Amino acid sequence: MPIESDHERRRVTLTADGPALIEGPVEVVTADGRTIRSDRFAVALCLCRRSKNYPFCDTSHRKHCRPS
Ligand code: FES
């Protein structure tokens, strides 16, 4: 089904060294088939896989920042 308007379009923002920020509500399906729902205004999905709350970011990526 085509997306009718920008209102229905979800925005995903990739950060430089951290999570992907996704406007909620969302339904996340994990690699092992679990479905996790969140009604939050925005969620941060972990891309570094260091989060103890994976698939959500718990800011663990900050401990491993690349030097600039
Ligand atoms: S991106 Fe933040 S803990 Fe992985």
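What follows is a conversation about how the terms used for this predicted model are justified.

Colleague: What are the ground rules for the numbering and for the values in this model?

Modeller: Residues are numbered from 1 along each chain as its sequence is written, and side-chain values use heavy atoms, with hydrogens and water left out. The model is predicted, and local features need pLDDT of at least 70, side-chain atom pairs count only at pLDDT 80 or more, and totals for chains, interfaces and linings use all residues.

Colleague: How many helices and strands does the protein have, and how are they defined?

Modeller: There are 0 helices and 5 strands, where helices (H or I, at least four residues) and strands (E, at least two) are DSSP runs numbered from the N terminus. The order of elements from the N terminus is accordingly written β-β-β-β-β.

Colleague: How do you know that S1 and S2 pair?

Modeller: Two strands pair if DSSP finds at least two bridges between them, and strand S1 (residues 12-14) is joined to S2 by 3 bridges, the two running antiparallel, so the criterion is met. One of the bridges sets Val-12 against Ile-22 in S2, and the two strands form a hairpin with 5 residues between them.

Colleague: Which strands make up the open sheet, and what makes S1 and S5 its edges?

Modeller: The open sheet has 3 strands in the order S1-S2-S5, with antiparallel pairing. S1 and S5 each have a single partner strand, so one side of each is left without a neighbour in the sheet, and they stand at the edges. From one strand to the next the twist averages 20 degrees (axes are lines fitted to C-alpha atoms, for helices over the stretch in contact, and angles run from 0 to 180 degrees between N-to-C directions). S2 and strand S5 (residues 42-45) are paired over 4 bridges in the antiparallel sense, and Ala-20 stands opposite Leu-45 in S5.

Colleague: Which residues of S2 lie on its covered face and which on its uncovered one?

Modeller: In strand S2 (residues 20-23), Ala-20 and Ile-22 make up the covered face, whereas Leu-21 and Glu-23 make up the uncovered one. In a regular strand the side chains alternate between the two faces of the sheet.

Colleague: Where does S4 find its partner, and how do its side chains point?

Modeller: Strand S3 (residues 26-29) and S4 pair in the antiparallel sense over 4 bridges, and they form a hairpin with 5 residues between them, in whose turn Gly-33 has a positive phi of about 90 degrees. Along strand S4 (residues 35-38), Ile-36 and Ser-38 point to one face and are buried, while Thr-35 and Arg-37 point to the other and are not.

Colleague: Why is the contact between Glu-27 and Arg-37 called a salt bridge?

Modeller: A salt bridge is a side-chain nitrogen of Lys or Arg within 4 Å of a carboxyl oxygen of Asp or Glu, and the closest N and O atoms of Glu-27 and Arg-37 are 2.8 Å apart, so the term applies. Glu-27 lies in strand S3 and Arg-37 in strand S4, so the pair ties together parts that are 10 residues apart in sequence; Arg-37 is also the bridge partner of Glu-27 in S4. The structure holds 2 salt bridges, one of them between Asp-32 and Arg-34 at 3.4 Å, N to O.

Colleague: Are these four side chains classed as exposed or partly exposed?

Modeller: Buried means under 20% relative accessible area, exposed over 50%, and partly exposed in between (1.4 Å probe, protein chains only). Arg-37 at 67% is therefore exposed, as is Asp-32 at 58%, whereas Glu-27 at 49% is partly exposed, and so is Arg-34 at 43%.

Colleague: What makes Ser-60 count as buried?

Modeller: Ser-60, found in the segment after S5, has 7% relative accessibility and therefore counts as buried. A polar contact of 2.6 Å joins its side chain to that of Asp-58 (a pair of N or O atoms within 3.5 Å; within protein, one must be able to donate a hydrogen and the other to accept it, and residues adjacent in sequence count only if both atoms are side-chain atoms). Leaving aside neighbours within four places in sequence, Ser-60 is in contact (heavy atoms within 4.5 Å) with Arg-50 and Ser-51.
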